[in-house]
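User: I would like to work through this protein model step by step, with each term explained as it comes up. Could we begin once the structure is on the screen?

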Amino acid sequence: MAAERLSRVAVAERALRLGDEEGVEAITIRRLAQELGVTPMALYWHFKNKDELLAGIVDHALSSVRADRSAGDPWQKQLRAMVEALVTVMREHPLLPELMHAVAKDEGESFRRAGDDALALLTTAGFGLREAWWVATYLLNAAIGMVQGQPDCPANVPPGAAPEWRRRKRLMLESLPADRFPMMVAFGATYATALDSERYYAFCVDLVMAAVEAMAPGAA
């Protein structure tokens, strides 16, 4: 067996793709070993159990979430880039938002590095270390919420079934008593067309970053 097939990164990457295709429940040491063409014992060198494997998936996925100090950009731009990278990786891998809440992500190298980057940027903005951690945690949970709460078809709805899902959603909302829920009835009409996902995510990132920038002690 080629060494690269048994690298920790290769195992985490295959597990990530398996989870995207079949859900978290499909990710087991035995199934992953079968996918990679090795014995389960070969994978235990990297991950002792499923909990470690799931944490390894998150750590691998977060490796792209980093601040780029080499560009000399202001803290606002670097921090926004981190939030955008986090949102992007969760959009690409639908199982990640759930895993981010479920695993001990703070024990992973990538999370610690991203946390350190965020703290460096936020203290540059004038926040104290404790407040900076609150802000970083707020941004993390906001990014997870953006993806989990995307106001359109859930991730488990096949693309071909999306128009019918929207039709039913619109019908449900427009069937509410208009005298009691006039705005919800009016909102139902928005399901006549598909969500502009790019506009939604850009709007949400603007929203959370505006709050951070407005409260930064160095904003003035």
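Analyst: A salt bridge is a side-chain nitrogen of Lys or Arg within 4 Å of a carboxyl oxygen of Asp or Glu. This is a predicted model, in which local features need pLDDT of at least 70 and side-chain atom pairs count only at pLDDT 80 or more, whereas totals for chains, interfaces and linings use all residues. Residues are numbered from 1 along each chain as its sequence is written, and side-chain values use heavy atoms, with hydrogens and water left out.

User: How many helices and strands does the protein have?

Analyst: Helices (H or I, at least four residues) and strands (E, at least two) are DSSP runs, numbered from the N terminus. Read along the sequence, the pattern is α-α-α-α-α-α-α-α-α-α-α. The count for the protein is therefore 11 helices and 0 strands.

User: What share of the residues in the protein is buried?

Analyst: A residue is called buried under 20% relative accessible area, exposed over 50%, and partly exposed in between, with a 1.4 Å probe and protein chains only. The C-alpha atoms fill a box of roughly 65 × 50 × 25 Å, taken along the principal axes. Of the 220 residues in the protein, the buried share is 40%.

User: Which residue forms a salt bridge with Glu 35 at 3.1 Å between the closest N and O atoms?

Analyst: Glu 35 forms a salt bridge with Arg 14, where the closest N and O atoms are 2.4 Å apart, and that pair links distant parts of the chain, with Glu 35 in helix 2 (residues 29-36) and Arg 14 in helix 1 (residues 8-22), 21 residues apart. The partner asked for lies in helix 2 as well, and because the two residues are 4 apart there, about one helical turn separates Glu 35 from Arg 31. With the closest N and O atoms 3.1 Å apart, the partner of Glu 35 is Arg 31.

User: Is Arg 14 buried or exposed?

Analyst: Arg 14 belongs to a network of salt bridges that also links Glu 22, Arg 31 and Glu 35. Within that network, Glu 35 is partly exposed at a relative accessible area of 30%, and Arg 31 is partly exposed at 23%. Arg 14 has a relative accessible area of 12%, so Arg 14 is buried.

User: Which helix holds both Arg 168 and Glu 164?

Analyst: Arg 168 and Glu 164 form a salt bridge, with the closest N and O atoms 2.9 Å apart. Arg 168 is exposed, with a relative accessible area of 55%, whereas Glu 164 is partly exposed at 34%. The two residues are 4 apart, about one turn of the helix, and both lie in helix 9.

User: Where do the buried residues of helix 11 lie around the axis?

Analyst: The buried residues of helix 11 are Tyr 200, Tyr 201, Cys 204, Val 205, Val 208, Met 209 and Val 212. The arc is that of the directions from the helix axis to the C-beta atoms. Because these residues cover an arc of only 150 degrees, they lie on the same side of helix 11.

User: Which helices do the buried residues of helix 11 pack against?

Analyst: The face of helix 11 turned away from its buried side carries the exposed residues Arg 199, Phe 203, Leu 207 and Ala 214. On the buried side, contact means heavy atoms within 4.5 Å. The buried residues there pack against helix 5 (75-92), helix 7 (109-124) and helix 8 (129-148).

User: Which helices do the buried residues of helix 7 pack against?

Analyst: The buried residues of helix 7 include Phe 111, Arg 113, Asp 117 and Leu 121. Just after helix 7, Gly 126 takes a positive phi of about 110 degrees. The buried residues of helix 7 pack against helix 4 (50-61), helix 5, helix 8 and helix 11.

User: Which residues form a nonpolar patch on the surface?

Analyst: Patches are made of residues with over 30% relative accessible area and no salt bridge, where like charges are joined within 9 Å and nonpolar side chains (Val, Leu, Ile, Met, Phe, Trp, Tyr) within 5 Å. Met 184, which lies in helix 10 (residues 182-188), is partly exposed at 39%. Together the members have about 250 Å² of accessible area (Shrake-Rupley method, 1.4 Å probe, only the protein chains shown counting as cover). They are Phe 181, Met 184 and Phe 187.
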